[in-house]
Structures are given as structure tokens and as C-alpha cells.
Amino acid sequence: FKWQPMTYNSYVLASVEIQWKEASFFYDSALLRKPMIGLHIQPSEPTQLIELNPLFLIPGHVQNVRLVFNSVSDIITEGFVKFICSDGLQVVPPKTDPSKLEESWSNECVVPLGSCEPGKRIVITTLVKSAPMKHVEGGDNVQTMKAKVETLYHHKSYSEVVTKGHEPKSRPMKTLLEAMVTTLDRPALTVDDADAFMFGDDRVMVNVSLQCNTPVPFYIKEWNLDLPPPLVVEDDGDLNKGIFRHAVPEGEVLLMGFKCIRTSVSDDQPLSERPILRVVLQDDFGKTFLQVLPINLEDIYKQLRKEDMYAEIYNATAELTCSVEEGTVGHPVPFSYKLNLQSLMLPKRRKSNNMSSAGQSIASEVGCPILYTIISDGSDWIVSGKIQGLIDFASGTETLTLQFRGIPTQSGILRNFPELLLKYLPSKSADKNLVDMLPPITVQCRNPDYFKSMAYTTSTSLAVPAGIDEF
């Protein structure tokens, strides 16, 4: 005969009655001295399943976590789901009021699981908050959330067997199912490399390499590069249009380029502390994740600060020309300086808090002329002519020529030439406080490559006797 037990326990064959036509045979185990026939019934393997999504959590974000319970062929009478979070993770009960969300975060929560017929599914969705990862050498840096599902269930044939009276009602069996989701040990995107170089007039190209660390692909939805002054991304400087909605798998390196322009800095302009690239990722469920990635562009900013420092010094340019390429020692040689004062008359100002007049030089605002001096210290020349004078900005001339003479003092190939110095000369009408703020002037001079100086080869002399009084 067949017997289908509906609960787990230890059973013995107590009695058996067999009827055959008019005869009846009865077996009573209590009257026999032989060992009794017994069975030890184990619980049947549960068929119910659980599925926990997503496969991983991104550090520093609030994400939806979905648990799907499937009874398959089991009859579920009751149960519960328990979410347990490790340090760095917090969970809220499902369907929490958004206005009470901040006070509802906890390390664990329990969700009741109602009765469920075979083939039914129960979906539980909640929120999990992950704190930014803090890597500790030699420590456990992984954040985990466990989902424990405990149910009381019957075999799929229980209802039919009990209804027919083949078996009495019995207590349900118990099972425990577990699933776990962990956070990534690194952000979804990390900066692999970043560099910048200057091109054209006041333009900078910024290149950023990003590496994807997620086990499943994400889509690039949005991105934005914030740069501290004096750099801003040009209106058409985003060169990454092709990566929109592009799926980035794990390990792929994403190259991004931005054309930037160097601009003036205004006092009311908000200042960003450091370059930051913001990238918005989107998963298959439509959930977005903002990745804030600091970019190291210190080299290009050092170069820009250095140029700004020299720009505030006000540079003048000059070109020294010589009328001849060779001469003899002691013979005067005509020289001329072609001086360009454009940077002094229209200085390149990136930021000025003290003086705000556009299109004027400091000397014009203060009312100071410029004193020029041609010196020969440390050179192979003696200078003569008009080697010192005043330059007045009233004429508005940006270029002028200074002529003088130089006398070579030694023979050979001469490469050290006279030097031109410029400085502001305070006038009687100038404001003394403003004069004290006048920056020094640097002259960038271009000299001839060399001058060939030759020694005397012939000399004409007049000899006279010692007794000249005799004549």
C-alpha cells in the first residue's frame, strides 16, 4: 500500500488489518516480540526561491532593493523577511512615508510575509542607504546587506490529502532562505588619468580617462566639468556627444575631452575649489547615480598662475639692432632699440581690485612717465649718446625707437650687449599711495646673435724729437 505523510516525525507500524472476502487478518505490533517496523520522516526539500536585486550597491548612494519571493510548489502559511545591514549601510521599512524617511533609517528591519499559494510571487521593495567607502589597510572594507526569509510551509499535496481525510491536519514545516548583496569596494567610476595642455590663444584642452568598476554595464546619461577660474568649458567645447546612452562595461576606460578657454576673473564670480567632473550613470531599472570625481589639473593651473603673475608685472618688449655686423675696437657703432609699449599702455588684466579702468595703463591712471636707461655694466661695450630719457604716454604711441652708440672694448666675437632698463618715475601730481603700488617693469629684449670686433692692424703715428724747443 501507499502512504504519503504530510508532516515530519518518527512513525511505527502499530497495527494492520487485512480483509479478504469473509476473512479478517489483524496485525498488532504490541503482541509481537519481533522488532517493530518504524519510519523516520524528514521534512521535504522546499521548492520556494528568493531573488535579491540589484547585484551590488554603489557606495555613497540611496538605492532601491527588491526582494522577490516565489513559493513555486509549496503552500506558505506564514513567514517574515529580515533585512540586516553591516556598518555603513542602513535600511527603511517598505512604504515608509518620505517625510519620515530620515528618522526611519536603521540597521535592520522585519517585514511580515503573508500566506501564499503554490506558484505565487511576493515582491518587497525598500530603500538602502550606503555611506561612502573608507578604505582601511588590513581591514574589512566590504559593506553587506543580508536578507533572511523564514517561512512555515506544507507540501503541495497537503490540501488534497487532508481534504480527502487520508491524513489529519499537521503542523507546517520550517525553512530559512538567505541572500546577500554587497557594495563595490570602489566607486562605480574612478579617474584613471587627467592632463591638460595649452593651444591657440588662451585655450586649454582637458583630457580625462575614466575606468568603470561595476560588474554590470551602466549607461552614461549626463556629465559636466566644473573648473576653477580662470578656465571655463567653451560653449562648443564638449567633445563627448558620442558617449550619451553609451553602455560602459566593467574594466572599460572612457576617454573624455573638453575644450576650455581662459577668461577674466570677476569679484562676484563663484569660485570652485578644485576641478570636478560630475557624471550621471543610469542602470537598467532607470535609477540614476551621480558620480562626483575630483580631477587633478594642478600642473596647468600652476602654469596659468605663473603667467598671471608675470602679466601683473607688465612686460615691455624691445629689439636691439646694429647697423653693422663687425667693427674694430674703439670705433663707435650705431645701435637702436625698437621698443614696444603696448603691454604697458593696455596691460592684460585678469583681475584687478584696486584699479578698474579698462583700456588704460597704471602709469596713465597714476600720471607717471617712464624713465629709460641704457647701461653697459657687464657687457663688452661703452655706451654714449642719449642713453637716458623720459617716455610720456600722452602721445599714445605704442612703439618708439631709441638710438645710441656703442664702442667695443675688446676684440673677438662679442655676445654681451648693453641693457635697457625701464621704471616708473613719480611726478609731482601723482598720488604717492598709488605710486607705491606701481609694479616693476620687465624688459624682454632680443639682441643680435653676435658682433665681430677686430683689433688694430695698422696705426699712423707722428714722431717728434725730445728737444722740440730747438725748432
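**View 1. Strand S26 has one covered face and one uncovered face.** In this predicted model, S26 takes in residues 381-384. Trp381 and Val383 make up the covered face, while Ile382 and Ser384 sit on the uncovered one. That fits a general pattern: side chains of a regular strand alternate between the two faces of the sheet. For a partner, look to strand S28, residues 399-408. Four bridges hook S26 up to S28, and the two run antiparallel. To find your bearings in the pair, start from valine 383, which has glycine 406 of S28 standing opposite.

**View 2. Strands S5, S7, S11 and S9 make an open sheet.** That is also their order across the sheet, and the pairing is antiparallel. Which strands stand at the edges? Those are S5 and S9; each has a single partner strand, so one side of each is left without a neighbour in the sheet. On average, neighbouring strands here are turned by 25° against each other, ignoring direction. As a reminder, the strands of a sheet pair through backbone hydrogen bonds, parallel or antiparallel. Zoom in on the S9 end and you'll find three bridges joining S9 to S11, the strand spanning residues 121-130. Leucine 89 is a handy marker here, as it stands opposite serine 130 in S11.

**View 3. A cis peptide bond links asparagine 53 to proline 54.** Omega for this bond is about 5°. Proline 54 belongs to the loop between strand S5 (49-53) and strand S6 (56-57). If you've just come from the open sheet, S5 is the strand you met there at one edge.

**View 4. Proline 229 and proline 230 are also joined by a cis bond.** Here omega comes out near 10°. Where does proline 230 sit? Look in the loop between strand S16 (218-226) and strand S17 (231-238).

**View 5. Lysine 21 has a positive phi without being a glycine.** Its phi is about 55°, and you'll find lysine 21 in the loop that runs between strand S2 (15-20) and strand S3 (23-28). Is lysine 21 buried or exposed? Exposed needs over 50% relative accessible area, and lysine 21 has 74%, so it counts as exposed.

**View 6. Lysine 95 is another non-glycine residue with a positive phi.** This time phi is about 60°. The loop that holds lysine 95 lies between strand S9 (89-91) and strand S10 (108-113). Lysine 95 counts as exposed because its relative accessibility is 87%, against a cut-off of over 50%.

**View 7. Ile18, Trp20 and Phe25 form a nonpolar patch on the surface.** Together the three offer about 370 Å² of accessible area. Phenylalanine 25 lies in strand S3. With 47% relative accessibility, phenylalanine 25 counts as partly exposed, since that class lies between the buried limit of 20% and the exposed limit of 50%.

**View 8. Stepping back, the chain has five helices and 32 strands.** Of its 471 residues, 36% count as buried. The accessible surface comes to about 28,800 Å², with 51% of that belonging to carbon and sulfur atoms. How much of the contact list is between residues 24 or more positions apart? They account for 71% of the contacts with a separation of 6 or more.

Notes:
Residues are numbered from 1 along each chain as its sequence is written. This is a predicted model: local features need pLDDT of at least 70, side-chain atom pairs count only at pLDDT 80 or more; totals for chains, interfaces and linings use all residues. Side-chain values use heavy atoms; hydrogens and water are left out. Buried means under 20% relative accessible area, exposed over 50%, partly exposed in between (1.4 Å probe, protein chains only). Two strands pair if DSSP finds at least two bridges between them. Axes are lines fitted to C-alpha atoms, for helices over the stretch in contact, and angles run from 0 to 180 degrees between N-to-C directions. Contact means heavy atoms within 4.5 Å. Accessible areas come from the Shrake-Rupley method with a 1.4 Å probe; for residues, only the protein chains shown count as cover. Patches are made of residues with over 30% relative accessible area and no salt bridge: like charges are joined within 9 Å, nonpolar side chains (Val, Leu, Ile, Met, Phe, Trp, Tyr) within 5 Å. A salt bridge is a side-chain nitrogen of Lys or Arg within 4 Å of a carboxyl oxygen of Asp or Glu.
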